[in-house]
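Please walk me through this protein model, from its salt bridges to the way its domains meet. Keep it brisk.

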Amino acid sequence: MKHDLIYFDNAATVWPKPESVYRFMDHFYRTQGVNPGRSGYDLAIEAGSLLTNLRLRLTKFFGGDEDAPERLIFSYNVTDALNLIIPGVFNPGDHVITTNLEHNSVIRPVNHMVRDHGCEATYLPFDAAGFINPDEVRRAIRSNTKVVIVNHGSNVIGTVQPLKEIGSICREHGLTFVVDSAQTAGIIPIRMKEMNIDVVAFTGHKALMGSMGIGGLCIRKHVEVRQVRAGGTGVRSVEPYHLEEYPWRLEFGTPNMVGVASLWAGQDWLEENDMKHVHAREMRLASKLVEGLQAIDGVQLYCCDNLQNHLSTILMNMAGVDPADVGTILDVDHNIATRTGLHCAPLVHRQLDLVENHGGVRFSVGAFNTDADVDAAIHGVSEIARWSRERAIKPAQVVPIAIAEEQPVRLRA
């Protein structure tokens with residue numbers, strides 16, 4: 001690992017994690033790292049207790065049904081969670097409304113339902129500022145519309161969508177409202193009942209401050225989800241079919257207890273530090289970054305003229321330089337980690353007309369970035385812009401050509 005790396009890839013994975021998370025994960029795995037719910041000895045009961053208590057804690061965190069914490073389901077990550085819920089709530093012929101802001105963890109499962117199961121899908125564009133107009137959701141509703149899926153916070157341009165307004169429309173029309181909270185859980189409050197959200201898909205390794213390999217679903221009581229997998233649960237092993245009760249209905253095999261421990265410690269850290277304060281600090285740094293980048297000739301920013309209802313995720317490009325080259329130079333010459341390309345969200349880049357440009361350069365500010373990190377990023381981009389300008393204005397090479405009289409003349413290439 002590079003020493004003193006300046007890390008601006010928090011939209012992919014928040015790193016580093018709080019020291020308290022590392023310590024708790026290590027302590028738990030060393031002292032209680034056994035299989036929960038499979039046996040009656042003390043350690044198994046203690047491990048199972050942490051799992052059960054975390055279900056309730058996260059249900060409260062998301063504003064779900066506290067009297068049904070068994071509907072807090074654990075999965076590998078948010079992509080895995082969405083691959084449980086999307087085929088689980090669709091029937092052949094159903095219509096889904098989603099958006100151009102979605103990650104491939106929504107786009108691909110939805111497209112498979114369209115191609116393989118006769119479903120229909122409408123992808124709504126975002127406006128010039130990067131937001132979905134709730135009225136567009138209303139206008140897209142058909143007689144066979146069953147589900148609306150919205151990315152709460154874009155992993156590309158950082159805009160945060162109006163869930164409450166969209167949820168109200170869904171409730172009015174009896175539609176299941178699924179929210180992808182990959183970028184927002186742990187940084188933007190989500191209140192499922194207040195926002196009329198039926199399902200929240202979340203991941204642990206971002207702002208929830210947990211480890212990789214853990215995520216899940218928070219599902220309201222009135223939503224039923226079809227089983228799409230089967231396997232061991234450690235409960236009623238004599239049954240020949242997978243159990244229908246929650247949480248086992250959507251959980252399979254041994255849970256990731258190290259990940260569970262990380263989420264528990266992450267909740268402790270968020271309570272101690274107040275996620276609203278964490279977000280405010282990130283946005284202050286993001287505002288400083290935007291201001292600095294806007295002052296650099298040749299830099300173009302997207303959907304961040306106003307950072308209200310925004311995450312600390314900033315997308316930029318530089319005239320005349322491929323995004324991948326910008327990222328490489330920042331890494332090699334300035335020890336700055338960013339994310340370049342299409343960010344697993346091709347429809348965003350297609351709407352921004354960036355696919356041919358190979359996407360963009362994403363800076364995602366995290367809880368542990370500093371003013372010095374932002375200053376270094378602005379300086380690094382400024383140096384690349386200066387290099388690009390110097391390269392563009394170099395005197396053209398002079399090459400000889402022959403004319404009819406065979407007299408050599410020199411023209412600029």
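In this predicted model, Arg386 and Glu390 both sit in helix 12 (residues 371-392). They are 4 residues apart, so about one helical turn separates them. Their side chains meet in a salt bridge, 3.0 Å from N to O. How accessible are the two partners? Arg386 is partly exposed, at 36% relative accessibility. Glu390 is partly exposed as well, at 40%. Salt bridges with shared partners also tie Arg284, Lys288, Asp371 and Asp375 into one network.

A second pair lies in helix 5 (residues 134-140), where Glu136 and Arg139 are 3 residues apart. That spacing again amounts to about one helical turn. The two residues form a salt bridge, with the closest N and O atoms 2.5 Å apart. Here the accessibility classes of the partners part ways. Glu136 is partly exposed, with a relative accessible area of 32%. Arg139 is exposed, at 55%, because the cut-off for exposed is over 50%.

Which parts of the chain does the salt bridge of Arg55 and Glu251 link? It links distant parts, with the two residues 196 positions apart. Arg55 belongs to helix 2 (residues 42-61). Glu251 is in the loop between strand 8 (215-219) and helix 8 (257-273). The closest N and O atoms of this pair are 2.8 Å apart. Is Arg55 buried or exposed? Arg55 is buried, with a relative accessible area of 8%. Glu251, at 13%, is also buried. Both values count as buried because that class takes in everything under 20%. In total, the structure holds 22 salt bridges. Side chains of opposite charge can pair when their charged atoms come close.

Now for the domains. The protein is divided into domain 1 (6-13 + 274-393) and domain 2 (19-272). Domain 1 is thus written as two stretches of the chain, because the assignment lists it as 6-13 + 274-393. The contact between the domains draws 29 residues from domain 1 and 37 residues from domain 2. Their centres, taken over C-alpha atoms, are 29 Å apart.

The size of an interface is often given as the accessible area lost when the parts come together. For domain 1 and domain 2, that area is about 2,700 Å². Carbon and sulfur atoms give 66% of it. Which residues of domain 1 lose the most area to domain 2? They are Met275, Leu311 and Gln351, which together make up 25% of what that side buries.

What kinds of pairing cross the boundary? The count of salt bridges between domain 1 and domain 2 is 0. There are, however, 15 residue pairs in polar contact across the interface, with both residues at pLDDT 80 or more. On the domain 1 side, helix 9 (275-294), strand 10 (313-318) and helix 11 (346-351) each supply at least two of the residues that touch domain 2. The residues on that side divide into 16 nonpolar, 9 polar and 4 charged.

Next, look at Ile188. It lies in the loop between strand 6 (176-180) and helix 7 (192-195). Ile188 is buried, with a relative accessible area of 16%. Which residues does Ile188 contact, leaving aside neighbours within four places in sequence? Its contacts are His152, Met275, His279 and Leu311. Two of these names are familiar: Met275 and Leu311 are among the residues of domain 1 that lose the most area to domain 2. Ile188 and Met275 are 87 residues apart in sequence, yet their C-alpha atoms are 7.6 Å apart in space.

Gln161 occupies another loop, between strand 5 (145-151) and helix 6 (163-173). Gln161 is buried, at 3% relative accessibility. Not counting residues up to four places away in sequence, Gln161 touches Leu101, Gly130, Phe131, Ile132, Val150, Asn151 and His152. His152 appears among the contacts of Ile188 too.

Finish with Asn335. This residue lies in the loop between helix 10 (323-334) and strand 11 (336-337). Asn335 is buried, with a relative accessible area of 17%. Asn335 and Gly380 are 45 residues apart in sequence. In space, 9.4 Å separates their C-alpha atoms.

Conventions
Residues numbered from 1 in each chain as written. Predicted model: local features only at pLDDT ≥ 70, side-chain atom pairs only at ≥ 80, totals over all residues. Heavy atoms only, no water. Contact = heavy atoms within 4.5 Å. Buried area = accessible area lost by both parts, 1.4 Å probe. Salt bridge = Lys/Arg side-chain N within 4 Å of Asp/Glu carboxyl O. Polar contact = N/O pair within 3.5 Å; in protein donor to acceptor, adjacent residues only side chain to side chain. Nonpolar A, V, L, I, M, F, W, Y, C, P; charged D, E, K, R; others polar. Buried < 20%, exposed > 50% of the residue type's maximum accessible area, 1.4 Å probe, protein only.
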